[in-house]
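Visitor: I would like a close look at the empty space inside this protein, beginning with its largest pocket. Which residues line the largest pocket, and which lie nearest its centre?

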Amino acid sequence: MLLLLLAAPLSGQGTIQHVVRAFAGAQELKNAAVAVDVRDVATGRQLAGHNASVASIPASTQKLITTAVAMDILGEDHRFRTRLVAGGVIEGGVLRGNLYLVGGGDPTLGSPFVDEVAGLEEVIQRWVQKVKASGITRITGAVVGDGSYYTTDGAGRGWTWADLGNYYGAGTYGLNLNENSYYLSFSQRQREGATPPVIGTEPQIPGLEFINELVSGPRGSGDQAYIFGAPFNYRQYVRGSIPVGTGRFRIRGSIPDPPLFAAQLLDRELKESGIEVIQPPTTHQTVGTGDYRSGRVLDELMSPPLSTIVDRTNLTSNNLFAETLLREMNKARGNTDLASTDVITDWLEARGIATEGIQLQDGSGLSPRNFFPPETMTALLADRSGDERWRESIPLAGRTGSLRRVLTGTVAEGRVWGKSGTINAVRAYAGYVDRPDGRRLAYSVAVNNHTMRGSQLNRLIYDLMRDLCTASL
């Protein structure tokens, strides 16, 4: 009898509480802080829990909250606008003033990863053609990247120095371009410990300088390189390692000043097309400094609908998009502190979701100082269960996003929805389980302060997700 009771949770039999207890009590997690909550969506009743009321670091599972609130406050059809504006009189082919790229916060502008939008080169060439079509052959002022729609506070609060220079640490600004990121290429070396030289960046970022402290690691060791640099700082440090080899190796970094980069890129292409620009490219980041309000609009680009942006936010765990949604919600509410997370906690309270034990520093979950109890997440999931369009943005086991190759061929395939979250010593998942018996469950799992290999911990969590499909209620 004892052997049967011990074996039941491991085989997915027994109750959901047995399954959760077996997971939380796994020998591999004995030194970690484990918190789990599972509830029935229809009734809101907790079916199982372990430290469910204990505040835990959620990592990127927090994006589920940010995107759900954004879908409600902004609406799934909300779009961001970018304008090309001549900020002066055009006489005889001469623009007497500045040419403005007026950002409206669009995080997809020129993105190489969103099918619905034009890529970087296509966007820039479009603007060049619009300038030509207006008859402008000479600009007495400058090309100005106007990022004043938001503020200079683009990076999430609490983000670490080790994150800021990398693509996933790219802040959001009033004018974003190419997801505010670039590729940095190195020439691999065949000797461990040798420094692989920098080849360059793609696209080219004018003025960006690298102090290369990288070394060559063992073959197959993968990308262990990090770029250290702050927003608006063009001197960056590259540390860590890339594997030995004979080819080219790329990592991704964050553009220090995206509005300035946009202006520099358009300035270069205008000059190459024969249009004279007298002043050097520059940027405006302060609200109200531009003289474009009475200017002539030469072009207007609209982003895909918010639902598409939410898809990329959750399916690929895009921090830039999540931080943009946070700032846009604050704009919509008329708040002056665009990085404040009060707009999220206020919404939760209005929906009757308890906010005790919550601290939110950003919109993406990248800050290690975010925390809230798993029962807060499951309450949110139960509340939003009827929003089918939002639920489509959550990875589905064996089908989409980070779970596309996970739990295939099991009862969980096509039934378990889960957003992952990973930062140093944190692994989390949250989502839904559509059981064969027709019940829908909401679950939230957070493992903090672990020392396991990520793949090993994922396996334990995936087994838990699978067993939630079949364990008795």
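Guide: What follows takes the largest pocket and then turns to the enclosed cavities.

The model is a predicted one, and in it the largest pocket holds about 1200 Å³ of space. Its lining is made up of 39 residues, and those nearest the centre are Y167, Y168, N319, L366 and T422. Several elements supply at least two lining residues each, namely the strands β13 (224-228), β15 (248-254), β19 (416-423) and β20, together with the helices α7 (306-315), α8 (319-333) and α12 (454-467). Of the contributors to this lining, β19 gives the most, with five residues. By class, the lining of the largest pocket divides into 15 nonpolar, 16 polar and eight charged residues.

Apart from this pocket, the model has two cavities of 30 Å³ or more. The largest cavity has about 70 Å³ of space, and of the 13 residues that line it, L164, G169, P231, S254 and I255 are the closest to its centre. Eight of the residues lining the largest cavity are nonpolar and five are polar, with no charged residue among them.

The second largest cavity, with a volume of about 60 Å³, is lined by 13 residues, and P58, T61, F372, S444 and A446 lie nearest its centre. Two or more lining residues come from each of α10 (374-383), β20 (426-434) and β21 (440-448), and β21 gives the most, with three residues. The lining of this second largest cavity has 10 nonpolar, three polar and no charged residues.

Technical notes
Residues numbered from 1 in each chain as written. Predicted model: local features only at pLDDT ≥ 70, side-chain atom pairs only at ≥ 80, totals over all residues. Heavy atoms only, no water. 1 Å grid on protein atoms, 1.4 Å probe; cavity = no way out; pocket = protein on both sides within 12 Å on 5 of 7 lines; lining within 4 Å. Points joined across faces, edges and corners; volume = space filled by probe spheres on them. Nonpolar A, V, L, I, M, F, W, Y, C, P; charged D, E, K, R; others polar. Helix = DSSP H or I, 4+ residues; strand = E, 2+ residues; numbered from the N terminus.
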